[in-house]
Amino acid sequence: MADTGRSDAFVEFERVQKSYDGENLVVKDLNLSMPKGEFLTMLGPSGSGKTTCLMMLAGFETATHGDIRLDGTSINNIPPHKRGIGMVFQNYALFPHMTVAENLSFPLEVRKMGKSEREAKVNRALEMVQMGAFGGRRPAQLSGGQQQRIALARALVFEAELVLMDEPLGALDKQLREHMQFEIKRIADNLGITVVYVTHDQTEALTMSDRVAVFNDGVIQQLAPPDTLYEAPENSFVAQFIGENNTLEGVVTEMMGDACVVRLDDGSELDATPINVSKVGERTRVSIRPERVEFNKERLSPDAHTLKAQVMEFIYMGDIFRTRLKVAGNDEFIIKTRNAPDQVRLEPGSEIEIGWLARDCRALDAS
Amino acid sequence: MSDATSSGPMLAADGTPLKTSLARSLRMRKLRALMLIAPLLLFVLITFIAPILQMLLRSVENQIVSDTLPETVVALEQWDATTGDIPGEFAFEAIYLDLAIAVEQKLHTRLGSRLNYEETGMASLFRKSGRRIGRFDTDVYTDQFTDLNAAWEDPETWYEIFGDERNVAELPLVGRSWQRWAALFEAEGETVGKRDLEDFLFAALHYETRQDRYITSENPLLLQAMRAQSETPFETSRLIPQFEDADEDWLDHAVWQTIKTYSPRYTSGYFLNAIDMEKSPEGAVAKPENLQIYIKLFWRTLFMSLVITGSCILLGYPVAWILANLPSRSANLLLILVLLPFWTSLLVRTSAWKVMLQDQGVINNVLVWIGLVAENDRLALINNQTGTIIAMTHILLPFMILPLYSVMKTISPSYLRAAKSLGATNWTAFWRVYFPQSVPGIGAGSILVFILAIGYYITPEIVGGTSGIFISNRIAYHISSSLNWGLAAALGAILLVLVLGLYWCYDKIVGIDNVKLGG
Ligand SMILES: Nc1ncnc2c1ncn2[C@@H]1O[C@H](COP(=O)(O)OP(=O)(O)OP(=O)(O)O)[C@@H](O)[C@H]1O
Ligand SMILES: [Mg+2]
């Protein structure tokens, strides 16, 4: 406990690296610290090293370099079965030759728990995931969603304080997914457990987590609560990866503290907030969320820069309208407007002027 | 599902009950599918099932006695074997006629060898008697009949009299003998022609015309012969002394006993023999201790097959596990090593073991060299059960490894990980989670190895000596050396039943759907 600076950290990765083949680093210099009770999601494209991190935490892979600490103690040399970490696998890994109840009582049996105590805990766990009546069935006789619940119950039944979940909802349909997201979140909150959750579905990450770690290429690109992540992405990867995003490329022409002017490649200029640009003349990529783009002049600040845009396509989506524009040579520029009674439906082919608040427009790295 | 709605059963569009029309359409589909596979099915039936049925039949078939000795079989019906006396002259007369024809047909030696399976000495008895039977002095009858009327010398006379079925019915012995004899020539497309009539025909004629009996036939020759004999009985030729002269075993009660016991067309004799029993007047009894071999051999075959299966599991499981957990490139290489033995001849592999295991062989030499075994105390590894078990385990090992491998290949490593993350040690994770999932592979491998082992033949023959041979070696012996196919068939049938029985037990205990060859 003494060797860590932050005493509230429950799970800690410190300068962790991992390589499978001795040539490529799959995880590069991972630093992460989680307080007890947090629901942290690792989000990232396929192959970005999420599962690898989870496996190192669970003890099935060893870190090539660095230290992983659980509750202040380094666990690098503790075998997986002594770590007491609950885990829900991507394919559930329910033991096919055991019934649901046997699956659940397995972790209790290996902990040499008495029979009556075991039964009580198994029943409680089954009740928790609302599967009380299914104890006698085999995993193969359950639907995907039911198997998922059992896997969750099994990871929780031995009262692990830390539960790892590797894309637990990957195989479910949309409706069930949403329902299970809610269930998992509810159970995690009720039990007060710490959860590391892996997904590459950003909606899932945003709706469930206390904090989200966006992975790319073995590096955490940003670690922040969902709203920060969405509204204040720190680099263009995060901006692109989380939610829908419009980008325009250009060069910084003026720096004024917390605002800057960017000249786009077709010559027009716009106001932006500099995030990771620092000097005039630097290339940048500005990012604007579709719902923050305004074409109604009354709602724009009078001194803001505006851009000319051509309406390419109008898509009716029920609750919102989605309009595709051509702006500064980019014809994939999307704006979203609410389907309100007084809302204007833009005609394809018409010319309009668009603008936004400088704080909604973020000048990020050009990479 | 039930269709018990208030409106009764569901109806299809044309008004027939849905179930009926579903069944009809399914039946059509099945029929079409069956027609597609019909040629193959027929082929399998003919080439696979038919020989098995034929073999089963052969194990109870016993036509040869009643076909070769029909008159004797009839005659012996009147003989009570339990008295301990041999039958009287009447039986010798019958067997004389039968043998005379059998000698013509050259069937008497075959019958001898058949009966020799049941009673040693029968083969030589029939062979010897066959040689002597032509020299019996039954020609007295020939002379007396031809003296009485020269017409008897002419085959035409016989054709005329015994071409008439009514006469055959009234004088069956001579009638049937004549017909069988004449049939011998007719089968070759000729008639008796001017051939000399054999003495035994006149003997038969005498046996049936010697007593005065009423016949409806008006044939003057027959009537004359009967009248003449009732006035002055013919000079006779007693058969018992002549048979005794040919081979005194004819006075042995056991010989007659055997013929009588094996006269029915179907016999349980082969099966009794196959379980170390024999027929006796008191029914089936166990053979003397020193002649009992088959039961012991069956037990040994079973026991050794189990030991071989067990050692295949012990050796094959780790190998399959390594195979399933290696990266696929090295796994393929290893798999080739596992399959390598299949590319060399079975005989070569077995002979190699002979070289390895012998007294002065590689293994013993190494053991002596290390000092584990004393020079004058070398291990007996061959020509006994040890040799058979070692060699057969090696030969059958791939049949265990392959199904195990293909089953293990399908067990996701995430199960082991899951078990460990739930707190199980490596051993518990293996034993409680991995092993049960690999049981179907063990089952499939064991069935394969066991069934192959129980019928194995070449390897025990070469390395088994006398104490390491299997029942199949006895079967092979009876097929190719002793030519006792009936016994071989009976042993084979018992083996088949045994295997099916074990299979049934396996199904009851483990469940046959618990067997996986892969996927
Ligand atoms: N056992 C292994 N041996 C070698 N390379 C591996 C191994 N496991 C993963 N990798 C590599 O490490 C990188 C990260 O893999 P990882 O499984 O952590 O990705 P992930 O983020 O979980 O992806 P996904 O979202 O598709 O599950 C990938 O490039 C992968 O090819
Ligand atoms: Mg993964």
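Which residue stands opposite Leu40(A) in strand 9 of chain A? Select Leu40(A) and you will find Arg211(A) opposite it, in strand 9 (residues 211-216) of chain A.

Before going further, note that this is a predicted model, in which local features need pLDDT of at least 70 and side-chain atom pairs count only at pLDDT 80 or more, while totals for chains, interfaces and linings use all residues. Residues are numbered from 1 along each chain as its sequence is written, chains are lettered from A and ligands numbered from 1 in the order in which they are written, and side-chain values use heavy atoms, with hydrogens and water left out.

**Chain A as a whole**

Display chain A alone: its C-alpha atoms fill a box of roughly 75 × 50 × 35 Å along the principal axes, and the chain holds eight helices and 19 strands (DSSP runs numbered from the N terminus, H or I of at least four residues for helices and E of at least two for strands). Of its 367 residues, 52% are buried, where buried means under 20% relative accessible area, exposed over 50% and partly exposed in between, with a 1.4 Å probe and protein chains only.

**Strand 3 of chain A**

Next select residues 39-43 of chain A, which form strand 3 and of which five of five are buried. Both faces are covered, with Phe39(A), Thr41(A) and Leu43(A) on one side and Leu40(A) and Met42(A) on the other. Strand 3 runs parallel to strand 8 (residues 194-199) of chain A, to which five bridges join it, and parallel to strand 9 of chain A, with four bridges; two strands pair if DSSP finds at least two bridges between them. On the strand 8 side, Leu43(A) stands opposite Thr199(A).

**The open sheet**

Move to the open sheet of four strands in chain A, ordered 2-1-4-5 with antiparallel pairing. Strand 2 (27-35) and strand 5 (73-74) stand at the edges with a single partner strand each, so one side of each is left without a neighbour in the sheet. Strand 1 (residues 9-18) and strand 4 (residues 65-70) are joined by five bridges, and the bridge partner of Gln17(A) in strand 4 is His65(A). Add helix 1 (residues 50-58) of chain A, which lies across strands 1, 2 and 4 and runs at about 120° to strand 1.

**The nonpolar cores**

Now show both chains and select Val196(A), one of the residues with the most contacts inside the largest nonpolar core, which has 104 residues; such a core is a set of buried Ala, Val, Leu, Ile, Met, Phe, Trp, Tyr and Cys residues joined through side-chain atoms within 4.5 Å. Helix 20 (residues 385-409) of chain B gives the most to this core, with 10 residues. Apart from it lies another core, of 60 residues, among them Trp158(B) and Trp181(B).

**Two helices and a buried glutamate in chain B**

Finally, select helix 7 (residues 139-148) and helix 11 (residues 199-209) of chain B, which pack at an angle of about 70° with their axes 7 Å apart. They are therefore roughly perpendicular to each other, the class for angles of 65 to 115 degrees, whereas angles under 35 count as roughly parallel, over 145 as roughly antiparallel and the rest as oblique. Axes are lines fitted to C-alpha atoms, for helices over the stretch in contact, and angles run from 0 to 180 degrees between N-to-C directions.

Tyr207(B) is among the helix 11 residues that meet helix 7, and Glu93(B) touches Tyr207(B), Arg210(B) and Leu239(B), not counting residues up to four places away in sequence; contact means heavy atoms within 4.5 Å. Glu93(B) is found in helix 4 (residues 89-105) of chain B and, at 7% relative accessibility, counts as buried.
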